[in-house]
Amino acid sequence: MLPADESSLNRVDTTNQPPLLERLFTESEGDLTRYFARRHGGGEGVQDLVQETFLQMARGLKDGKSPKCARGYLFGIARHLSQAAWSSRAQVIPLNESLHNVAAPTQDDRVEAARETISTLEPMQREILDLRFAQGLSYAEIAEALGIPVGTVRSRLHHAVAEVRHRLESELNS
Amino acid sequence: MKPESLHALIIDRHFGELSPEAAELLEHHLADDAAARDEAERILQSLNVTRDAVLRHPELGCVPVQPLVVPRVATRSAVMPWLARAAALAVLAGVGGFFAGRSNVEGTAASAEKTPEPRRESPWAKYRMSFDPAGEGVQVVRVDTESLEPRSMP
């Protein structure tokens, strides 16, 4: 996982560096694989989605797209592909139903309370949390991936943590 | 410092999203204020629990998928019912028009006056099919659009 703003992917290409797409592939292929595996489980389908993501990125660059944040743009493509894959396979998992084969069992009541709180947040907010904690994307990268302002990413993240904290304190007091 | 501001600064610093200057100011504040340090510790604990919940429950990040809006492609099966319906409507309209015309022509000149003016550019502007009242079968009747009196063709 890369430190957000210090990633070389977010800087302008120079002559001595490999092309953007090559660097993206080298540095982000693992992250993308984990992203898709987290959403769709393992298997060859995940690698197909990773390849398709880079293919669409290559097409975008060829068509003259110059995203402000290349890694965020890449995850934006991945997000669309993931959603399309879910739609086509009708694999919409109910929110309260755990992915037993992926999620580790937990005995921690606080984590369970946090899970319940997060499940009540709006979808965009949950996705921001996932991109931040599970994928390690920076605020700017999340903003690029979701097509929302950086300030919105920041405030939604702050709000989510505040909600969890409020819930934990309520449980502690009761 | 307001609790909300401290909350935001602690989270941003944790994620490496705080500028060096702001981070330095925050450090000074925490060093001087014990209550702020305790508060910062609680915020970080909440942050860690939130992280654990997200990591252990991937389903939380799998937001409900918006159905993709795919434009419907006109397939054979989709087109044929339309054609069938259009054909049925055309037949119904034709039959309806035929019987409407029959009732008009069979009547007297007064009833002929009720005949709507035929389209002049049509071959049927002056003629139409009619049943002979005397039982001679179908005949072509000329409709004189000037006098609106139907006359039999020779």
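Of the 174 residues of chain A, 36% count as buried, a residue being buried if 20 or more other C-beta atoms lie within 10 Å of its own, exposed if 12 or fewer and partly exposed in between, with C-beta atoms placed from the backbone. The model is predicted, so that local features need pLDDT of at least 70 and side-chain atom pairs count only at pLDDT 80 or more, whereas totals for chains, interfaces and linings use all residues. Residues are numbered from 1 along each chain as its sequence is written, and chains are lettered from A and ligands numbered from 1 in the order in which they are written.

**Exercise 1.** Determine how helix α1 and helix α2 of chain A are oriented to each other.

*Solution.* Helix α1 covers residues 20-40 and helix α2 residues 44-62, helices being DSSP runs of H or I with at least four residues, numbered from the N terminus. Their axes, lines fitted to C-alpha atoms over the stretch in contact, form an angle (on a scale from 0 to 180 degrees between N-to-C directions) of about 140° and lie 9 Å apart. The two helices are therefore oblique, since angles under 35 degrees count as roughly parallel, over 145 as roughly antiparallel, 65 to 115 as roughly perpendicular and the rest as oblique.

**Exercise 2.** Establish the exposure of L21(A) and list its contacts beyond four places in sequence.

*Solution.* L21(A) is found in helix α1 and, because 16 other C-beta atoms lie within 10 Å, is partly exposed. Its contacts (C-beta atoms within 7 Å) are F54(A), M57(A), A58(A) and L61(A), once neighbours within four places are left aside. For F54(A), the C-alpha to C-alpha distance from L21(A) is 7.8 Å, at 33 residues apart in sequence.

Notes
Contact = placed C-beta atoms within 7 Å.
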